[in-house]
6 protein chains.
Amino acid sequence: MRLPHIALDDLSDVEIGVCGVPWDGGTTNRPGARHGPRQMRDLSTMVRSVHHVSKLKPFELANCADLGDSPVNPIDIEDTLARVETYYKSIHDAGVVPLTAGGDHLITLPVMRAICDQGPVGMVHFDAHTDTWDRYFGGSKYTHGTPFRRAIEEGLLDPKRTVQIGIRGGLYGDFDNDWGLEQGIRVITIEEYFDLGIEAVIAEARRVVGDGKTYVSFDVDGLDPVYAPGTGTPEIGGFSTHDAQRMIRGLRGLDLVGGDVVEVSPPFDPSGNTALVGVTIMFEILCLLAECVAGRRG
Amino acid sequence: MRLPHIALDDLSDVEIGVCGVPWDGGTTNRPGARHGPRQMRDLSTMVRSVHHVSKLKPFELANCADLGDSPVNPIDIEDTLARVETYYKSIHDAGVVPLTAGGDHLITLPVMRAICDQGPVGMVHFDAHTDTWDRYFGGSKYTHGTPFRRAIEEGLLDPKRTVQIGIRGGLYGDFDNDWGLEQGIRVITIEEYFDLGIEAVIAEARRVVGDGKTYVSFDVDGLDPVYAPGTGTPEIGGFSTHDAQRMIRGLRGLDLVGGDVVEVSPPFDPSGNTALVGVTIMFEILCLLAECVAGRRG
Amino acid sequence: MRLPHIALDDLSDVEIGVCGVPWDGGTTNRPGARHGPRQMRDLSTMVRSVHHVSKLKPFELANCADLGDSPVNPIDIEDTLARVETYYKSIHDAGVVPLTAGGDHLITLPVMRAICDQGPVGMVHFDAHTDTWDRYFGGSKYTHGTPFRRAIEEGLLDPKRTVQIGIRGGLYGDFDNDWGLEQGIRVITIEEYFDLGIEAVIAEARRVVGDGKTYVSFDVDGLDPVYAPGTGTPEIGGFSTHDAQRMIRGLRGLDLVGGDVVEVSPPFDPSGNTALVGVTIMFEILCLLAECVAGRRG
Amino acid sequence: MRLPHIALDDLSDVEIGVCGVPWDGGTTNRPGARHGPRQMRDLSTMVRSVHHVSKLKPFELANCADLGDSPVNPIDIEDTLARVETYYKSIHDAGVVPLTAGGDHLITLPVMRAICDQGPVGMVHFDAHTDTWDRYFGGSKYTHGTPFRRAIEEGLLDPKRTVQIGIRGGLYGDFDNDWGLEQGIRVITIEEYFDLGIEAVIAEARRVVGDGKTYVSFDVDGLDPVYAPGTGTPEIGGFSTHDAQRMIRGLRGLDLVGGDVVEVSPPFDPSGNTALVGVTIMFEILCLLAECVAGRRG
Amino acid sequence: MRLPHIALDDLSDVEIGVCGVPWDGGTTNRPGARHGPRQMRDLSTMVRSVHHVSKLKPFELANCADLGDSPVNPIDIEDTLARVETYYKSIHDAGVVPLTAGGDHLITLPVMRAICDQGPVGMVHFDAHTDTWDRYFGGSKYTHGTPFRRAIEEGLLDPKRTVQIGIRGGLYGDFDNDWGLEQGIRVITIEEYFDLGIEAVIAEARRVVGDGKTYVSFDVDGLDPVYAPGTGTPEIGGFSTHDAQRMIRGLRGLDLVGGDVVEVSPPFDPSGNTALVGVTIMFEILCLLAECVAGRRG
Amino acid sequence: MRLPHIALDDLSDVEIGVCGVPWDGGTTNRPGARHGPRQMRDLSTMVRSVHHVSKLKPFELANCADLGDSPVNPIDIEDTLARVETYYKSIHDAGVVPLTAGGDHLITLPVMRAICDQGPVGMVHFDAHTDTWDRYFGGSKYTHGTPFRRAIEEGLLDPKRTVQIGIRGGLYGDFDNDWGLEQGIRVITIEEYFDLGIEAVIAEARRVVGDGKTYVSFDVDGLDPVYAPGTGTPEIGGFSTHDAQRMIRGLRGLDLVGGDVVEVSPPFDPSGNTALVGVTIMFEILCLLAECVAGRRG
């Protein structure tokens, strides 16, 4: 986004930090999301300075900087989780609100470990999958299908203030999504999404998360694959980019503590359109974060 | 779909057979559908076991098997028609309900010749084209534009119980679609489709085919080309995959005797999304077939 | 479109001329539109002779010919503007109505210089961008972001009879679109477009341009990028091809003096779908032009 | 090649006719060669007027014209063979030497039927395959693997004056190539090709065909697939384009009666490089044909 | 290769087993090799039955079967190493010689652990990289850059009977390759390869491995990237497929105990040519293995 | 290349500056080279620190920095020439040796205007084209086909110390290359290149440029298009990347004042291989420059 690149040892003036986590070690199907941050940076040259609907000017509202990529270990999940958490800890301790370009969805977990130090937060979660599975492959606790189960177990995420929008796709068993529902997550399947209509979906999301601190997590596979073919686990029949933009704009005024756009996998979309979508969604979230930051500053 | 692969000489326990017909010799514009079955098999690894809306479990409801590909002759239409018919005859005689991955749309004709041995069936036909033309190129009776004219002439298809959904595209003459209309086919153009809305389209389709035996034929070019670019005769301005899924789910409870998904042409979609769409649609049809088979079993 | 190719020195019988302008020298981001006319010609082999909704037969209504490509100078903007104007002047002087395949959007300016010799015309303009900026890069008056500012200044385009549909995307400053609004252009942003619904948009467009002479300019980036990824400045969240077709059909009966489809950039869409979309939109416009021409002939 | 396009009924001044045969109905593996002529025309805009090594100027040496595409029937082999033969007959009867862009390799057969009316000709045949098989698929006499067996049987091709260069790839049986060898064809496998070196290969080819009338047939799969990935039956380990150019230049002075470049299949090479290779090879052959024609004219 | 697919519990008649290891968890740069086995299977339909140079008929010489894919754990390296070793142990214990389609190069390590139970073997290793690094990323012992260091340390590989062909690419430090050289590995850099010529390289490889048991490991990045763009760590300036074929043929008569082709990564080569190359190389190795097996049988 | 990024106002410690010129306004055929610098930066993450043949360590030999991209004006050639010259003037005045990533070949002209302030330099020029044409399109002096004619006319380039390697491709007229030959340029066509062999070509290049100051300009279209498909004016039949590397290594010890790699056009190579080739060639040149800089430092 043509932002100044700032090193971690000089965060004193930064209010919002745009970070990448170039990692896909939690991916079970098609890898490649490790290249997501780079391609989103490339395509961010088309981002402009004024939001054409809200007229918000995020770069005037808040001091934004590109903090580069988090360190990762491409061949070790636990080590990566620790490295990413440490990186975000230093950002969070400096009072910076993070906006992250993934990476697969597992990376949201260490980000939350770093920033949710004052109790569980709510979440508006756009995705085709609930990502609340327990284990894969005979015991692996950490994959891109499990981050929010772990986050709830660890007290980082409040399931009763969590709404998941766009859920769909075949199931492996009857009970795949039951755990999350039992915890109190509000799941809006894509079928309910189309039945309700977008204004009702926005209202429901706002009702669920309420006034508390909230994180926005946007998995591009919530979109129909025609908008985001470059992703690891595409599921046909999702929402459109226009509707995604409307939904995020509908979250204006929430008390946001961070956000991410994940699962952009460039090798599966040579056209680059998925990354363009990803960076445009990041700009939508950035506008909301900037208004929050400006509001808190007083 | 991770199904057991079963040879034709041991069909005793099989109730639904998934078959490929790797052939595109009836294609007039862009060939490549011969590679459709293989790519759909590749992408079927993402199919799961429970339908996320209907909760149907097709692999529990019916004994399903992958029967491999039908023999074809890539350079001889009449020989191919005979080979495919013989192959499906042996399946049908064993009491197996076929679900087919094409191949171009002409392959539906020999399938019907094999299975419609008790009088004409009805059809729910998703397509951009009526495929009821008479002849091409100075007399060719068999192309992917003519199968349903032949099927009606041969008493395999009941035009009065046939509904075609999504028809569009320029015409070569005033009378291209008149023959079908005169036979009593109910043509729902894409314009009428959008005007009616999806619930009314489903109701109309159910009204047309009624309680009799019915075949479901899904040409991926009925979809907008953004969902299915890998096809031989794309026509812009079609329906979405989400709506296609809803329409097929809306056919639940019909008396189905078989189904197919045709015109997936991998060379024209390096991303593989068209094949992913194709196999997901096959899974939707499979759920309906499995419930039928279970119901007939009693 | 399988039209006869006619040389410029024998236009006596031609009423509508299909022309290409293979040029992208006004492009600020991703070049490639210079190859648009050729790929649209390639894909025009799928165009048929009767419009499937209106039943119009443009090739019977009017004498249509392919006039080839306009001369251009790939490395000199001013020289290109002069060459294109001269080329269209000779077409216009022969009484031929031009339908153009671009090329970037700047090429509409010299076309209008050639044909708007009897006062300013109205315009129905489909686009993600207003293209009414003033200058880029320290003074360049001529880019693909400025043609309609120049056209208004030169008295070729009547801003009060101009409607722009689909406008969106971030802004560089608060005032990017103010100039056009002050001149009286009716801007329908994509947000208003979705709120109004397509029938109301058509009605509003007809109200704005009224009965006077009108030009139709269709930038494929008005479409969502999934329908037209092969373009220079994609903006996510646009309208669909089906809706584009409906809107153009809704312009039937206007007094049209020409039309174009621009910004098709083949290098960014190896699938060719963007060019297929472009040529299908050209066919929709051609049907309208042919009916106008036939009506004027009396 | 920016040649004037000439209709068949006005061939009086034409000496060399460049023709396309957009057909792939004889293809057993990956179809798509039907689109070869069009893409080769597109890329021929880069052809220039003087050969940079021989300094030959083919368009000055002979009157060359683009005769368009032969009629074909995409779904009927025998009908296509008849149509192509008729088309070339009319060209040949007008005294025009044909240079053909295929299409699959079967199309060389009807061309030879049209032009070899004065006894069998010799051939320099570049290919990975001998194309002298007998039958496929239970009896089909006409596929892209059989044209030269048919041509020898029909007395069109003199096997003793035929040299095949680049032959390789696994065999279906011990005897695949024996028939051709028994007829007297000189087969230079790719292994022998690399062992001999290019100068010796050229000398051997000239020795085999001698002074009699000779046809040059260039199947792009003779090249290594990295140079020509867009083809139906790629075989790794072929010769390079540079060496192909040298070999054709080495045929200068032979008594040539025609030539072709076949098996360019655009869907399998989105980059277009295969077609660029094809058209450059056509230019090399054209230079030789033009010099022959000029020499005969005296 | 159209082989019969055999389950692991019925290996009694099998002599050579073709296996896949769909895993890329050891990849440090571009993932995707997990999809290699599937695409190589797809393209193996072009494999024929007789080697066109040696005339060997591997499917007659030995009883060959497709044993499917080894189990892996996409998100755990140590667990994957154990699963693959167990899988190959069962194959080896049944007396089957394995020919493996990778997967990244780390997978050779567990294969060797399973089959080298009678002391270290020699190796002909084609690659751009020595893969004898020690550790990456602060301690990871197992990556696709370390398998042969581990294999030497564990007594599976005899460095004095190991030859590496095609090594090139920039180094991270002076000593990257020193460890291997000190162990006695014969490294033939690509520069020495071109200087020696292919016959001398073959002779040297045969001299190094001698008469003892030998394994052939072929990393497709040893080839120039134009032949194998679909790979994780491409290095420009490699050998050609033709030369690779010649080198493998030159190993005829060695006492081979297994072989593999690794690092085919389909997402980075939409054309599929890399997989075609991979499967053709596998066929070359298969011919050698089959002759060995037949020889041992007596 | 993971270099520190340095702003122009702090060049005091820099000895070699890597710069991009994102511009293709001089391109006559296929644009896109403006995206070359960005993609080369992306792929430079694979560059390592020690040259594997010469063992040179450029980053230790000289203080290298990434100076970012030169300002350009995408729609004005003369303005761009001025901006690039000014940018390089400031670099040159600070005593920094530039290594440039293009951009089209015209950009070499303003670089030379900036750095050749002490009389004409010699040049080793790798290319398929001489780029010494005079004018295009009725008078344009500045295109990517003319930079070296201008450089000679302006006294920046000494034709008698200029060698061009790899020249080929059809000509527009007899005299295309005569002007350069008359000035004394040594043109080694690709035919002579293959006849001489690479060692003789290196010796000849060294003889021509001698001991004087010399610039290395590498147009990727000198390579065969299979190695560099992503370029504006591909010509089949070029040299290989391995040979290019050898030739550049053969220039070791010359008195080099700068270098560039130009005409990398990412839109025409979705695989990214062309950019990988480009950045690897840049590393080869960088090693030579670093040794020169270190030698001058004493």
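This passage describes how the chains of a predicted model are arranged, how they meet, and which local features they hold.

Residues are numbered from 1 along each chain as its sequence is written, while chains are lettered from A and ligands numbered from 1 in the order in which they are written. Because the model is predicted, local features need pLDDT of at least 70 and side-chain atom pairs count only at pLDDT 80 or more, whereas totals for chains, interfaces and linings use all residues; side-chain values use heavy atoms, with hydrogens and water left out.

Chain A and chain E were compared by superposition, done by least squares on the C-alpha atoms of residues with pLDDT of at least 70 in both copies. A turn of 180° with a shift of 0.0 Å along the axis lays chain A on chain E with an RMSD of 0.0 Å. This is the relation of a two-fold axis. Both copies use the same surface, since 100% of the contact residues of chain A recur in chain E. Contact here means heavy atoms within 4.5 Å. By that criterion, chain A contributes 24 residues and chain E contributes 24 residues.

About 1,600 Å² is buried between chain A and chain E, with 62% of it on carbon and sulfur atoms. Buried area is the accessible area (1.4 Å probe) that two parts lose on being put together, summed over both. Zero salt bridges are counted between chain A and chain E, a salt bridge being a side-chain nitrogen of Lys or Arg within 4 Å of a carboxyl oxygen of Asp or Glu. The number of residue pairs in polar contact across this interface, with both residues at pLDDT 80 or more, is also zero. A polar contact is a pair of N or O atoms within 3.5 Å; within protein, one must be able to donate a hydrogen and the other to accept it, and residues adjacent in sequence count only if both atoms are side-chain atoms. On the side of chain A that touches chain E there are nine nonpolar, 10 polar and five charged residues. In this division, Ala, Val, Leu, Ile, Met, Phe, Trp, Tyr, Cys and Pro count as nonpolar, Asp, Glu, Lys and Arg as charged, and the others, Gly among them, as polar.

Chain E and chain D are related in another way. Chain E is superposed on chain D by a rotation of 120° with 0.0 Å of shift along its axis, at an RMSD of 0.0 Å. The two copies are thus related as by a three-fold rotation axis. Within chain E, the C-alpha nearest the axis belongs to E:V226 and is 3.6 Å from it. Only 5% of the interface residues of chain E are also interface residues in chain D, so these copies meet through different surfaces.

In this second interface, 20 residues of chain E are in contact with 22 residues of chain D. The buried area is about 1,900 Å², and carbon and sulfur atoms give 57% of it. Two salt bridges are found between chain E and chain D. In one salt bridge, the side chains of D:E191 and E:R249 meet at 3.0 Å, N to O. Six residue pairs are in polar contact across the interface, both residues being at pLDDT 80 or more. On the side of chain E that touches chain D, α9 (241-249) and α10 (273-297) of chain E each supply at least two residues; helices (H or I, at least four residues) and strands (E, at least two) are DSSP runs, numbered from the N terminus. The largest share of that side, five residues, comes from α9(E). By class, the side comprises seven nonpolar, eight polar and five charged residues.

Some chains do not touch. The nearest C-alpha atoms of chain A and chain D are 12 Å apart, and those of chain B and chain F are 12 Å apart.

Over all chains, the structure holds 97 salt bridges. One of them joins the side chains of D:E154 and D:R113 (2.7 Å, N to O). This pair links distant parts of the chain, 41 residues apart: D:E154 lies in the loop between α5 (147-153) and β5 (157-167) of chain D, and D:R113 in helix α4 (residues 108-115) of chain D.

The peptide bond from A:G102 to A:G103 is cis, with omega near 10°, and A:G103 is placed in the loop between β3 (97-102) and α4 (108-115) of chain A.
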